[in-house]
Amino acid sequence: MASPGASAWRRALASRRAVAFGETNARGALGVGANGAAGGETTTSESTPSTSSGGDGFSRSSARAFSTRGVASATPVSRSPALAEKFSKALVDDIYRSSFRNQTGVSLKYMMDFGAQPIHRQLMVSAQFLHKELPVRLAHRVAELENLPLGLSSKEQVRAVRDWYVESYDELKSSPAIESMEDEAKFTKMIEGVMNKHANVVPMIARGVLELKMELAGRGTSKSALEKTLGADLPEISQFLDGFYMSRIGIRMLIGQHVALHEANPRADHIGLICTKMSPRDVVRDAIDDARSICMRQYGDAPEVEVFGGENFTFAYVPGHLHQMLFELVKNSLRAVSEKYAESLDNPPPIRVVIAEGAEDVTIKISDEGGGIRRSGLQRIWTYLYTTADSPLLDMDGDSASAGGPVVLAGYGYGLPLSRLYARYFGGDLQVISMDGYGTDAYLHLNRLGNVQEPLP
């Protein structure tokens with residue numbers, strides 16, 4: 001559930017959306033962009049479509065944006081090149097309209113039921129749904145990227161991501177209606193290209209946020225002082241990043257699932273990306289092996305990891321999502337224990353992973369004796385860019401960020417916030433409880449019923 005602060009920010013964003021696109025008249029025509037719209041006012045048009053709960057109707061919160069007065073003063077207006085200055089007016093108008101349409105969430109169970117027998121008709125229906133849904137989701141993200149608080153929209157990396165989304169929107173909207181399997185095959189190839197094109201969004205946005213924090217801290221600040229600023233919480237930015245990355249998880253899940261249904265030799269017990277009989281113990285073992293391998297390279301040794309429970313049960317989930325979350329949690333515990341006992345002659349205590357099968361949830365607990373986290377700093381672990389490791393972003397330029405950076409964002413301070421989003425995407429959660437001076441317990445809750453719809457921002 002979104003916090004009251006997050007809800008308020010999103011309401012403010014909805015009321016500013018016209019400013020972000022540079023609306024100049026009651027019919028929704030788009031003019032000179034955010035810069036020219038400063039101090040402007042929007043009014044409700046009599047021709048505005050009525051509010052509807054369906055995918056083609058305007059949402060109530062978005063519709064209210066047409067009648068908001070003085071919206072430009074709510075936040076500093078971005079000085080980046082506005083959409084209308086870089087793309088055609090027709091395209092920007094279309095994005096603007098789509099950004100007011102409701103997104104349609106799906107559940108894990110729905111994806112499984114729909115893809116259980118991927119016959120031609122079902123693949124066609126899936127492609128038709130994505131043909132309609134993906135542009136709406138991209139338009140929502142463009143609307144956010146165009147009018148972020150604190151001047152984040154003006155950062156080069158954020159503008160680049162915005163342009164990727166606009167170009168992908170245009171590509172999707174320009175593609176013909178899907179009326180045959182030949183159309184479906186072409187569309188599938190196209191959206192796979194869209195997913196690959198957006199592969200580097202996370203490091204690009206991370207670099208943009210870092211530049212904003214450096215700017216707020218002062219360009220002349222020393223590197224050690226800049227590292228401290230990474231932990232500074234900017235609530236408006238954190239709320240945007242939570243929604244933006246949650247949406248990105250959803251977009252990549254929908255595209256990846258549709259593409260995976262076309263595999264000539266599908267994996268056993270898999271429906272696309274979803275494993276219908278996933279053993280959490282097997283995924284835990286794989287994540288442990290990967291995390292210990294990195295720890296061995298970093299420290300020359302790695303603490304042992306003991307696993308309890310989970311021997312005889314399976315459930316339906318996305319193994320890739322679970323592996324990413326577990327890898328991050330185990331990696332953090334390995335590093336904490338390794339550093340605490342680096343100078344000790346005693347063998348470090350093992351990390352314990354406990355898998356519990358509940359009626360609604362599968363819960364995985366990762367416990368370590370790595371010294372814990374100070375209570376005053378516990379909330380900062382959910383802050384993007386906050387990390388106790390050396391941050392490679394401080395040494396990364398724009399070119400290396402656009403090239404993708406490392407496969408694993410180690411030291412970026414993104415691991416825990418993103419892991420919590422992955423858990424929440426299918427109705428789970430991630431909690432961290434720590435005893436300063438002793439160790440930390442992380443509780444990863446996974447909804448095993450698969451009946452929770454995507455928490456769309």
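**Close-up 1. Aspartate 269, a partly exposed residue in a loop.** At 40% relative accessibility, aspartate 269 counts as partly exposed, because that class covers values from 20% to 50%. Bear in mind as you look around that this is a predicted model. You will find aspartate 269 in the loop between helix 11 (235-260) and strand 1. Its backbone is worth a look too: phi of aspartate 269 is near 60°, a positive value in a residue other than glycine.

**Close-up 2. Leucine 150, another loop residue with a positive phi.** Here we visit the loop between helix 6 (120-145) and helix 7, where leucine 150 lies. Leucine 150 is not a glycine, yet its phi is positive, at about 60°. With a relative accessible area of 33%, leucine 150 is partly exposed.

**Close-up 3. An open sheet of 3 strands.** The strands follow the order 1-2-4, and their pairing is antiparallel. Strand 1 (270-271) and strand 4 (315-317) stand at the edges; each has a single partner strand, so one side of each is left without a neighbour in the sheet. Follow strand 2 (residues 274-278) and you will see that 2 bridges join it to strand 4, the two running antiparallel. On this pairing, cysteine 275 stands opposite tyrosine 317 in strand 4.

**Close-up 4. Helix 13 lying across the sheet strands.** Helix 13 spans residues 319-340 and lies across strand 1, strand 2 and strand 4. Relative to strand 4, helix 13 runs at about 85°.

**Close-up 5. Two buried cysteines, 275 and 295.** Cysteine 275 counts as buried, since its relative accessibility is 8% and the cut-off for buried is under 20%. Cysteine 295 is buried as well, with a relative accessible area of 4%. If you are looking for disulfides in this model, the count comes to 0.

**Close-up 6. Helix 4 crossing helix 7.** Two packed helices are described by the angle between their axes and the distance between the axes. The axes of helix 4 (residues 89-98) and helix 7 (residues 156-174) come within 11 Å and cross at roughly 90°. The two helices are therefore roughly perpendicular to each other. At their contact, Leu91, Asp94, Ile95 and Ser98 in helix 4 meet Val166, Tyr169, Asp170 and Lys173 in helix 7. These contact residues divide into 4 nonpolar, 1 polar and 3 charged.

Terms used:
Residues are numbered from 1 along each chain as its sequence is written. This is a predicted model: local features need pLDDT of at least 70, side-chain atom pairs count only at pLDDT 80 or more; totals for chains, interfaces and linings use all residues. Side-chain values use heavy atoms; hydrogens and water are left out. Two strands pair if DSSP finds at least two bridges between them. Helices (H or I, at least four residues) and strands (E, at least two) are DSSP runs, numbered from the N terminus. Contact means heavy atoms within 4.5 Å. Axes are lines fitted to C-alpha atoms, for helices over the stretch in contact, and angles run from 0 to 180 degrees between N-to-C directions. Angles under 35 degrees count as roughly parallel, over 145 as roughly antiparallel, 65 to 115 as roughly perpendicular and the rest as oblique. Ala, Val, Leu, Ile, Met, Phe, Trp, Tyr, Cys and Pro count as nonpolar, Asp, Glu, Lys and Arg as charged, and the others, Gly among them, as polar. A disulfide is a pair of cysteine sulfur atoms within 2.5 Å. Buried means under 20% relative accessible area, exposed over 50%, partly exposed in between (1.4 Å probe, protein chains only).
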